[in-house]
Amino acid sequence: MTVRFLHTSDWQLGMTRHYLAPRPGGEDDAQARFTADRIEAVRRIGEIARDQDCSFVVVAGDVFETQNVSRRVVALACEAMASIGLPVFLLPGNHDSLEPGCIWDQDLFTDRCPSNVTVLRDTEPIDVADGAQVVGAPLTSRHPSSDPIAPVIADLAPDGTTRILVGHGQLPGLSGQDSEETEVDATAIKEAVNSGAIRYAALGDRHIRWPEDPHAAIRYCGTHETTRFTDAGRGSVDVVEVSGGRVTATPHEVGRWLHARVSREMATDEDIDAMAAELSGFSDPTRTIVRYDLHGHLSVAQNARLEALLADRQEVFASLEPSADRHDLVVTPDGGDLDGMDLPGWAASAATELSEAAASSPTAIDALGLLRRLAMASPPGRAENPAGEEAHSGEAHR
Amino acid sequence: MRLHRIHVENFKSVEDRTLELPDTGLVIAEGLNEVGKTSMVEALDMLLDPKFKATSKRAEVKAAQPYGTDLPVIVEAEFTVGGVRLVHSKRFLAQPAARLEFLSGPRAGDVLTDERATDTMAEIWQGTDQTLWRALRHMQSDSLEALSLKSSTALTSALDRASRIEDAGPGDHRADDTTLLEAAEKEFAKYWTGTGKPGKQLKDATTALERSEAELAVARRDLDEVDTVVTELQTAEEDLRAQRRDVGRLEKESAADATALKALEGLEQQVTEARRTERDAQQRLDTAASARQARRQAVEEVDTARQQVSETKAAAEKAHDAAGDVEEEYREADERWDACEKARLDARRAWQEARATVSGLRDHDRLARLDAIIGRLSGVRIELREAEGRLEGNLASAKGLKAAEKASARLAAARTKLEVASPRMRIERLDDDAPALAVDGRPIEDEGDGGAVDRVVDRPAVVEVADAWRITVTPASDVDKLAHDVERAERELTQALEPMGAATLEAARELLAARGRDESLATGLRERLERELADVDEWEDDSQERSVAGLTELRARVAARVGDAAGDDADADDTGAEAGSGDVGDAGLTVGQAEEAAARCEAAHDEAELAEKAARAAREAVGERRSAAREADSAAASTLTAARGQAERLAARLEEARGIATDEDLDARVETEDTAHWEAEGELEKVSGELAEHSPDEVREAARASQARFEKASDRLGRTGTRWAGLDGQLRGMDRSGRQDRFDDMEGRVHRLRIEVTALTKRADAARLLRDTLVRHRDEERRRYLEPFTRQIETLGRGVFGADLAVRVDDSLTVTQRQLGGKWLAWDQLSTGAKEQLGLVVRLATARLVSPEDGVPVILDDALVYSDRVRCGRMLKEVSSGSQANQVVVFTSAPERYDAVDAVHVDFR
């Protein structure tokens, strides 16, 4: 028999990112947009599921970011899940485990849980169609002491039923995983698949889709909206068809947010232009989170230009920040930096001193940049200059 | 500017004067005070100052016009400015006019007049360093303030050149310097305070970050608190599950143990029941057995009673016989005693009679003796009565005698005194027949001594002689008194003797001696009486009768006794004796004989009495036995009666009992009960055995222990439930989403603030570094810039002040401090002379520094007035050497000061 369903996971609704916090005095609230979009994506999942003739939707854990999510997030999430219009099976993951006082027991969820939604609170198989069952392996605590999946599949017999296992945890050996996360026994799952006790293992916890092979019976579908810079591209879901022993999974992009790294070598003004072009290349900067890491050398003047560019782009991107551990651009004063500055002798000698110190003192570079700005902005007879203020504000948000 | 000539007319006190100056060097313009040295300088100012037009009627102009005249004020000067030699003149007040003539340069030959001349001159003058122009003049009236040469372009450009930092366009960038530094300072001030501490913006941002970080920590703690409660709740839930399992298991165990206990208790109940049954059976058996025993006893009792009756009967008969025997014996004893008693009474009577006889005889004896005594005592008594009678009549006493003797002694003494005191009268008869002579009426007889009368005249004595003569002799008055004393003594003697009935003292003595004798006699008589009476006492001890009266009474009694025996006659001894012998028998018996007879009677009586006593005792003994026999008889009789009664009663009772249950019945019942008891005992043994097999203690302990375990586990479960409920409630009340929101919010804020503070700090540090670097370089440059000026001042000044002179010059090119002898002094602390000297040095140094084309003449108006000669001399040397390249004009009224100086001297008088 053939079963078609949608496999998604790690919605982590209610997630916040500190780098999305509003800037002091800023108008934009990227966090609010981020939160709303993650819920909105659930509606799109429903559209895809319906379009693709799915019978049901399984969410393989971490539906909510924490057990402490707000009433508003739960309410909006419930409405979005209701809009799917198909049976939805929610698996409690490590973020929303069945621990005491968990979200699943709180009134704010139980009062609103739509009728099409089933929380997989136990490992009892649920019939989803003739000869097809969904079997959940919910997490009962944040850090289970043992593999939550192995005992579930041990009880299952290959009796011809098409069983979809819904589990949450890390298969060993995959890159980019957290050592603290729950490991699941890959061998046991493989054996269950091989024996036919289960036909497909819909896994969650890993935010990156894996593997590429569309016929793999053990799969992480990845998160529906990316959450980290390791998550390439936009979030997606898998429409899975299980037909006898054959599995076919097709990814569908649903996410709108992008976590992007911009990594460039800088040396010339052209490089700055190229950087500007790359930043302009993002189709939806308000939903794009950029971590840039620039390398190489720029002069003080070039750096001033770069900073002005970044300051300008920061206004449009959801977040545009240097990578804390990768960005290592070096600013080096060159002859050109002092050109055009009509400095009296003593000021010129001060500039020279700063230039010499620049190699070992970032502050000296900043001081040089400032001198440059003041000298350019303050021709004789003019104490203040609006251009100076602009440069200043650009600097402030670097 | 180089001055060549000044010409002045009608300027104050100056009528017309021209001062010509060489191009360089020192000019000493000599003149007395008030000759107008200062006026020359003022006039020059008025000429060069564009404010003073020729047409000007300003107060200064008017003031310059010689008082009370209408003369024009004329000033003309020839000088070179910017390489061009000019002649400029102004005529004020009267026909005012101005003129400017170019003597050299591109416009050489041009002559301008009036407005044009003034305006053109103003333009040219503008190019001159006004500051320097003013500074290099030292007028007498000028203050001694430190000079500020900052605005002297000539000096500053000279310093610029000297410091060689700017090769081209010196002076143009000064303004820019300030702008850049100001901008840097302004940038610095955005972030830092004047003292270099973080400014408000930086501080606010840092504080905001710190506050937010603190709030984030709080929010994180709040959130962790939720997790802690969740963890605890999880533990509580696990505990609950485990404890519920425990409780279930323990409840089952406890129930099983309780069932076993119940079975045990059933068995125990059975044992109790069997024990009671056995006890009842035993009781019934005991009852039957005791009934049978009682019957057997009753039968025995009846037999015994009957046996006793027969035995008692025999004893009673025997006792009765014994009583009869004793009765007879008693009668015999009683008779014997009667006889003895009679004999005793007879003997007694006989003995009494014998005694009476003895007694009578004795009384007779005594009466006779008594009479003899009484006879003797009567004689004594008569004698005693006589002695006592005498004593009664004799009133003498030792005391009275003693008083009388004393009175007598006094009388004798009084007489002696009288006799001694009285005159003696001796009448002697001279002739036997002499006429009669009477003394005191008593005729004198021949009285011894040959008829002389010798007398003491103690009272008036009357001597009558033959009735013819009366001679009265009167003693002296004191003799009279003595005579009185004698009389009184005589009276006293008489009075003393009177109570004793004695007339004289001798008589009294006699009386007292007689009294003593009588008293002795009476005493002797009384003793004799006593003795006699004591004799009587010997035979009859009756002390009361120890008197004559008593004796008499006694005699009467004895006599009566005798009389009783022998009749009333108590007069003679014989009768008494006769009477006393009455019962004795033979009269004439002696007392001794009578006493012997009485003794014999007594012995007989004693014998009879003994016999009587024996008989009586015998009788009493038999009497006692008789009483006993009688009692025994009576007792035996009553015992018999009682035994008979008892036997009858027991027999009746036995019969009655047998009527109810026969002996056989009782035996059968014992048999039955014994069997029943045996069975009950068997049953008890059986169930007790069963109970013992169940180990009741263990079962009971097991049940108790499992119940306790169950209860404890239940308690624990209850407590865990409470804990769980508490935690659950706590968790529900924690506002989890609120805490999460706050944490998320704070995390974002902290992120933003960190970025902001980092950027701000970066900018602040940059501003600080830039400003510090700029200031440092500017200061360095300034130091280098000021250095030639300072050096020039010190070089010049050392000639005046000494080799150790040093000065400090500030940015405004003002000397602020001077060092001398290692001691720094501020300008204001300097003495007036020092100020003047240093001021000159500064001026000359400036003049030396500026380029010749920029320079102006140094004009000193009576300078060095405050300076001493030594310093003056040095100064002048310096001035002189300095004037090699400059014009130096000194107006002075004391030219001798400059004698030693190589100078052009101009007489200004």
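A residue counts as buried here when its relative accessible area is under 20%. By that yardstick, buried residues make up 41% of the 909 residues in chain B of this predicted model. The briefing below starts with chain B as a whole and then visits a long-range helix story, some salt bridges and a parallel sheet.

**Chain B overall**
- Chain B holds 18 helices and 20 strands.
- Of the contacts in chain B between residues at least 6 apart in sequence, 71% join residues at least 24 apart.
- The area that chain B exposes is about 49,600 Å², and carbon and sulfur atoms supply 49% of it.

**The annotated coiled-coil region**
- An unreviewed UniProt entry annotates residues 591-621 of chain B as a "coiled-coil region".
- In the model, residues 591-621 of chain B are 100% helix and 0% strand, and the C-alpha atoms at the two ends of the span lie 44 Å apart.

**Helix 7 and its partners**
- Helix 7 of chain B covers residues 200-393, and B:Ser254 lies in it.
- B:Ser254 has a relative accessible area of 6%, so with the cut-off at under 20% this residue is classed as buried.
- Leaving aside residues up to four places away in sequence, B:Ser254 touches B:Ser706, B:Gln707 and B:Phe710.
- B:Asp239 forms a salt bridge with B:Arg723, with 2.6 Å between the closest N and O atoms.
- Because B:Asp239 sits in helix 7 of chain B and B:Arg723 in helix 15 (residues 696-732) of chain B, this pair ties together parts that are 484 residues apart in sequence.
- Both ends of that bridge are partly exposed: B:Asp239 has 25% relative accessibility, and B:Arg723 has a relative accessible area of 36%.
- A salt bridge also joins the side chains of B:Arg295 and B:Asp663, at 2.4 Å from N to O.
- B:Arg295 belongs to helix 7 of chain B and B:Asp663 to helix 14 (residues 663-693) of chain B, so the pair links parts 368 residues apart in sequence.
- B:Arg295 is buried at 9% relative accessibility, whereas B:Asp663 is partly exposed at 23%.

**Other salt bridges**
- Why might such pairs form? Side chains of opposite charge can pair when their charged atoms come close.
- Over all chains, a search of the whole structure finds 76 salt bridges.
- The side chains of B:Asp485 and B:Lys481 meet in one of them, at 3.8 Å from N to O.
- B:Asp485 and B:Lys481 both lie in helix 9 (residues 477-497) of chain B, four residues apart, or about one turn of the helix.
- B:Asp485 is partly exposed, with a relative accessible area of 22%, while B:Lys481 is exposed at 51% relative accessibility.
- Salt bridges that share partners join A:Glu99, A:Arg142, B:Asp227 and B:Arg736 into one network.

**A parallel sheet in chain B**
- Five strands of chain B form an open sheet with parallel pairing, in the order 8-18-19-3-20.
- Strand 8 (137-138) and strand 20 (904-907) of chain B are the edge strands, each pairing on one side only.
- Strand 3 (residues 25-30) of chain B pairs with strand 20 of chain B in the parallel sense over four bridges.
- B:Val27 stands opposite B:Val904, which is in strand 20 of chain B.
- Helix 1 (residues 37-48) of chain B packs on the sheet, where it touches strand 3, strand 8, strand 18 (858-861) and strand 19 (887-892) of chain B.
- The direction of helix 1 makes about 135 degrees with that of strand 19 of chain B.

Technical notes:
Residues are numbered from 1 along each chain as its sequence is written. Chains are lettered from A and ligands numbered from 1 in the order in which they are written. This is a predicted model: local features need pLDDT of at least 70, side-chain atom pairs count only at pLDDT 80 or more; totals for chains, interfaces and linings use all residues. Side-chain values use heavy atoms; hydrogens and water are left out. Buried means under 20% relative accessible area, exposed over 50%, partly exposed in between (1.4 Å probe, protein chains only). Contact means heavy atoms within 4.5 Å. Accessible areas come from the Shrake-Rupley method with a 1.4 Å probe; for residues, only the protein chains shown count as cover. UniProt positions are given in the numbering used here, feature names are shortened, and annotations may be inferred rather than shown by experiment. A salt bridge is a side-chain nitrogen of Lys or Arg within 4 Å of a carboxyl oxygen of Asp or Glu. Two strands pair if DSSP finds at least two bridges between them. Axes are lines fitted to C-alpha atoms, for helices over the stretch in contact, and angles run from 0 to 180 degrees between N-to-C directions.
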